[in-house]
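Got a minute to look at a structure together? Here come some questions about why things are called what they are called.

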Amino acid sequence: MRVFGIQGRPATDSLKVSISYSAGYKAVGTLVYSWPAAHAKAQAADKILRERLDRLGLHFDQILTEFVGANATHGPLAGASADLPEVQLRVGVRGNDRKGIERFTKEIAPLILTGPPGVTGFAGGRPKVEEIVAYWPALIPKSEINARVEIVEA
């Protein structure tokens, strides 16, 4: 294969930098519901969980629910589901209040005994709170940078 016609361009007056910064916290919890009516049970558990969080006064920047096995990939485009043998309820929250996120993690396990019947999968235990490290690509003027190399001998 031959490559030809390639032309360079003058250097720009900017450098590209990659900036990482703390962007809050997140946690994701899961429960698996079994047949019969697995999807309906998972939906009921989601409703119960959201009502508990609301009663506790917990508010998050984002709360996302997925029903894995029913519509997690295609969302509303998945259409009506048949009587599925199992559905995983996966609920995630994101926000800046670490204590609120930690409280969310304590509200998943009670659904095993006080939520819809038929929970089969809680092997992972209580969800873990994780810091979100976000990425921001940016440009900085070369005039702001003093490039140097320093060799340190031990």
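**Why these labels?**

Q: Why is Asp46 called buried or exposed?
A: Asp46 has a relative accessible area of 10%. Buried means under 20%, exposed over 50% and partly exposed in between, with a 1.4 Å probe and protein chains only. So Asp46 counts as buried.

Q: What kind of model is this, and how are residues numbered?
A: This is a predicted model: local features need pLDDT of at least 70, side-chain atom pairs count only at pLDDT 80 or more, and totals for chains, interfaces and linings use all residues. Residues are numbered from 1 along each chain as its sequence is written, and side-chain values use heavy atoms, with hydrogens and water left out.

Q: Where is Asp46 found, and what does Asp46 touch?
A: Asp46 is found in helix 1, residues 38-55. Helices (H or I, at least four residues) and strands (E, at least two) are DSSP runs, numbered from the N terminus. Not counting residues up to four places away in sequence, Asp46 touches Thr65, Phe67, Leu89 and Val91; contact means heavy atoms within 4.5 Å.

Q: What makes Arg50 and Asp46 a salt bridge?
A: Their closest N and O atoms are 3.3 Å apart. A salt bridge is a side-chain nitrogen of Lys or Arg within 4 Å of a carboxyl oxygen of Asp or Glu, so the pair of Arg50 and Asp46 qualifies. Both residues lie in helix 1, 4 residues apart, which is about one turn of the helix.

Q: Why does Arg50 count as partly exposed?
A: Arg50 has 33% relative accessibility, so it falls in the in-between range.

Q: What makes Arg90 and Glu66 a salt bridge?
A: Their side chains meet at 2.6 Å, N to O, so they are within the cut-off. Arg90 lies in strand 3 (residues 86-95) and Glu66 in strand 2 (residues 62-68), so the pair ties together parts that are 24 residues apart in sequence. Arg90, at 29% relative accessibility, counts as partly exposed, and so does Glu66, at 22%.

Q: How do you know that Glu107 and Arg103 form a salt bridge?
A: The N to O distance between their side chains is 2.9 Å, so this pair passes too. Glu107 is buried, with a relative accessible area of 8%, whereas Arg103 is partly exposed at 36%. A search of the whole structure finds 5 salt bridges.

Q: What is joined by a cis peptide bond, and where is Pro36?
A: The cis peptide bond joins Trp35 and Pro36, with omega about 0 degrees. Pro36 sits in the loop between strand 1 (14-34) and helix 1. Ala37 lies in the loop between strand 1 and helix 1 as well, and it has a positive phi of about 60 degrees although it is not a glycine. With a relative accessible area of 34%, Ala37 is partly exposed.

Q: Which elements make up the protein, from the N terminus on?
A: They run β-α-β-β-α-α-β-β, which gives 3 helices and 5 strands.

Q: Why is the protein called more spread out than a compact globule?
A: Its radius of gyration, taken over C-alpha atoms, is 24 Å. The globule rule is 2.2 Å times the number of residues to the power 0.38, and for 154 residues that gives 15 Å. The value of 24 Å is well over that, so the protein is more spread out than a compact globule. Along its principal axes the C-alpha trace spans about 65 × 45 × 35 Å.
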